[in-house]
Amino acid sequence: MTIRTDLFRRTASAALLLLASTAPAAYAADPGQPPLTEQTARSGAPLDPAQEKLRFDSAELSFEVFPERESIAGVAKLRFTATDPLETLVVDLDPNLPVSAISIDGTPLPESAWENPEGRLSIRLPATIPAGRAFEATIAYAGTPHVAVRAPWEGGFVWSQTPEGKPWVATAFQMQGCDLLWPCIDYPTYEPDFVDLHITVPEGLSAPANGVFRGVERLADGRSTWSWHATNPTIYGITLNVAPYEEISGTYASRFGNSIPMHFWHLPGRDERARELVAEFAPTLDFFESVIGPYPFADQKLGVVETPHLGMEHQTINAYGNEYKKTPDGFDELFQHEFAHEWFANQLTAANWDDFWLHEGFGSYMQPLYGQWREGDGRYLSMMLALRNGIRNQHPIVSGEPQDAGHVYRGDSGPSGDIYSKGAWVLHTLRNLIGDEAFFDAVRLAVYGRTDPRPGNFEPLYRTTPEFIGFVNQEAGRDLQWFFDVYLYEAALPELEQSRENGRLNLRWKTPNDRPFPLPVEVRIGDRVETVVMEGNRGSIAVPEDAHVVIDPMSKILMQSDSVDAYQQYLLRRMRGGGH
C-alpha cells in the first residue's frame, strides 16, 4: 500500500533531508549523553503561564531516523486553540534537538523570534492570537537525542543492534517526557486529539508505531516512510521502534461484539517464542474485558513490539523486552502489566504525576487478579504475598501536591516502587472491605466514567486520587476517606496491637498521627473465623484460654508485619555486605 504524498509531506520530506545534510555530524553518544537540562529532565513540571492559555488539538510528526549516526531529524506540525489571548507560544523540546525553522499558519519566522536555552521553546508570535482561534505551528529540528541510561526507568533513545548486527532502535520517555523526541507540552493533561506519524527509516527496516497503520511509501533510494494515525494518545506514549521486524497478526472477536486487530512485531529468528507470546493475547484480552470492561482502543489495535529495553505502555504499541521468560504463574507478567496500562494509564490517565499510583498500583494489581481469574484464590494470594515483601513505606503514595514524574519515582523523594506493590495491596484491602460489586463498579467509573461501558460510549479520561475516592464512596454507600487517609496519604502502615486477658482478645489499630481507622479484622479462633468490629480503632472478642488464634488468616489486610520488616532488614544487611 502506498500513501498519498500531500503538500505537507513533500515539505516535511524536503526539510528532513535539508536538516540531515546541514546538521553537525552526529556521534555515538554514551548513555546519559548528551546531558539534559533540569527542565527537560522533569516530566510534568509546572506549566509555563503561556501554556495554560492553550488547548493542544493535534500533531503531525515526521521523523527520519539515522541509526548509523544515532541522530534524528524531525518536522512537527502542531495545532492549538488559544483559550486566552496569546502573544508567545511555549512548547517543550530538548535543546539537544536544535530548531532550524518555525512557521505560524504558514508564515516563516525569523530566527530571532525563538529561543530554547533550557528546554522551554519560547516563540514570539507575529501577532496576538485572540481567544478561541485555532492556529498551526510548524517546527523543524534535528540533532543527537539523549541516550537512555537505563530504559525505561532512566529513559531516552536506545540505539542497539539485533543479533545479526542490524539496527534496533527504541524510545522510552515516561520519566523524562515527550520533549526528548518532539515539541510538545510535557504535562499529562495536554494530550492531543490525534497524532499522525510519518517515520522514515533506512532500507530493510520497518517502523511500527502508535494507532492505525496508514501505509508505507517506498522511496527510490531504498528508504521507506511508515505512516500511522493515533487517536487520543498519551504524550509520553508516542514512540519510535525501528528494526528489521517480522509481524504476526490476527483478529480477536470481543465479547462486546466488535473485532480487535492484534499485532506483534518481533525480531527475525524468534518465531516460535513469538507465537507463544501471541497466544496469550486473546485470553488476556478476555480477562480484561470480562473483569474491567471493553478494550479502550479496539478501533486502533492491540499492538506489541519487541524492544531492546524491558517494556513500556506505549499506547497500542506496547514495548516488550522480557525475553519471553517463563514464570510459575503461567503467563508473561511483563506483557500483562504493560497491557494493563491500556486501561490504567492510557484510558484513565493521571491528571498529575502525584496520582502515579492510579497507573502503577492498578497495573500491578491486574497480575494477581489475572492469576485468580485463571487458577483461583490460591494463585491470587501467592502473587499478592510476593508483592507484599517489596513494600518500603518510606514516603506516602500520594502527597496531595503536584509532582513531576521523577520526583514520585525517586526513592529519596517519593514513593518509588510503592506506587506498584503498595498500591496493589491498597486495592486488595479495599476490595476485601467493600466487596467485588462495589469495588469493580468504582473502578469502571474511574476508567470509563460509567458502570455500563460498551464500545463507543466512553472516551479517555483524566483522573485524580480524590475522584477515585469519591467513586469508591459512591459505590460503597459510605464515607471511606479514613481508609485512604491512612493508606495513601501516610507513609507508615497501620499497626495492629493485640493482647489477651480475662478470656478476651483485644485489638487496637495504631495509625500515623492517630488517624481514625475502623477497619474490621478477621480472626481465626480454633477452626472458626470471626470478624471483629473496630469502632474507634478498637475491638474485642471472647477467646478460650487454650484456643489457637490467627489474626487476618487469609491476608486480606495491608498492615505492619514484624516478619516482613525482619526479612527486609536481612536483605538490606546482605546488600550492604553485612553477612548473615
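**Figure 1. Surroundings of Arg 431 in helix α9 of the predicted model.** Helix α9 spans residues 421–434 and includes Arg 431. Setting aside neighbours within four places in sequence, Arg 431 is in contact with Tyr 365, Leu 369, Gln 372, Tyr 380, Asp 436, Phe 439 and Phe 440. The relative accessibility of Arg 431 is 11%, so this residue counts as buried.

**Figure 2. Lining of the largest pocket.** The volume of the largest pocket is about 580 Å³. Its lining is made up of 27 residues, and Leu 334, His 337, Ser 364, Gln 367 and Tyr 420 are the closest to the pocket centre. Four elements give two or more residues to this lining: strand β18 (311–312) and the helices α5 (333–340), α6 (357–375) and α7 (377–388). By residue type, the lining divides into twelve nonpolar, ten polar and five charged residues.

**Figure 3. The disulfide between Cys 178 and Cys 184.** A disulfide is a covalent bond that joins the sulfur atoms of two cysteines. The structure holds one disulfide. Its partners are Cys 178 and Cys 184, whose sulfur atoms lie 2.0 Å apart. The torsion about the S-S bond of Cys 178 and Cys 184 is about 95 degrees, and the disulfide is therefore right-handed. Both Cys 178 and Cys 184 are buried.

**Figure 4. A salt bridge within helix α10.** Arg 444 and Asp 441 form a salt bridge in which the closest N and O atoms are 3.1 Å apart. Both residues belong to helix α10, which covers residues 436–448. Arg 444 and Asp 441 are three residues apart, about one turn of the helix. Arg 444 counts as buried because its relative accessibility is 16%, under the 20% limit. Asp 441 is likewise buried, at 16% relative accessibility.

**Figure 5. The salt bridge of Arg 223 and Asp 221.** The side chains of Arg 223 and Asp 221 meet with an N to O distance of 2.8 Å. With a relative accessibility of 18%, Arg 223 counts as buried.

**Figure 6. The salt bridge of Arg 150 and Glu 154.** In this pair, the closest N and O atoms of Arg 150 and Glu 154 are 3.8 Å apart. Arg 150 has a relative accessibility of 44% and so counts as partly exposed. Glu 154 has a relative accessible area of 37% and is also partly exposed.

**Figure 7. A network of salt bridges.** Four residues, Glu 60, Lys 77, Arg 79 and Glu 136, are linked in a network of salt bridges. Across the whole structure, a search finds 26 salt bridges.

**Figure 8. Ser 254 in the loop between β15 and β16.** The loop that holds Ser 254 runs between strand β15 (246–253) and strand β16 (259–266). Not counting residues up to four places away in sequence, Ser 254 touches Ile 260 and Glu 289. Ser 254 counts as buried, because its relative accessibility is 9%. Ser 254 and Thr 327 are 73 residues apart along the chain, and their C-alpha atoms are separated by 27 Å.

Methods: Residues numbered from 1 in each chain as written. Predicted model: local features only at pLDDT ≥ 70, side-chain atom pairs only at ≥ 80, totals over all residues. Heavy atoms only, no water. Disulfide = S-S within 2.5 Å. Buried < 20%, exposed > 50% of the residue type's maximum accessible area, 1.4 Å probe, protein only. 1 Å grid on protein atoms, 1.4 Å probe; cavity = no way out; pocket = protein on both sides within 12 Å on 5 of 7 lines; lining within 4 Å. Points joined across faces, edges and corners; volume = space filled by probe spheres on them. Nonpolar A, V, L, I, M, F, W, Y, C, P; charged D, E, K, R; others polar. Contact = heavy atoms within 4.5 Å.
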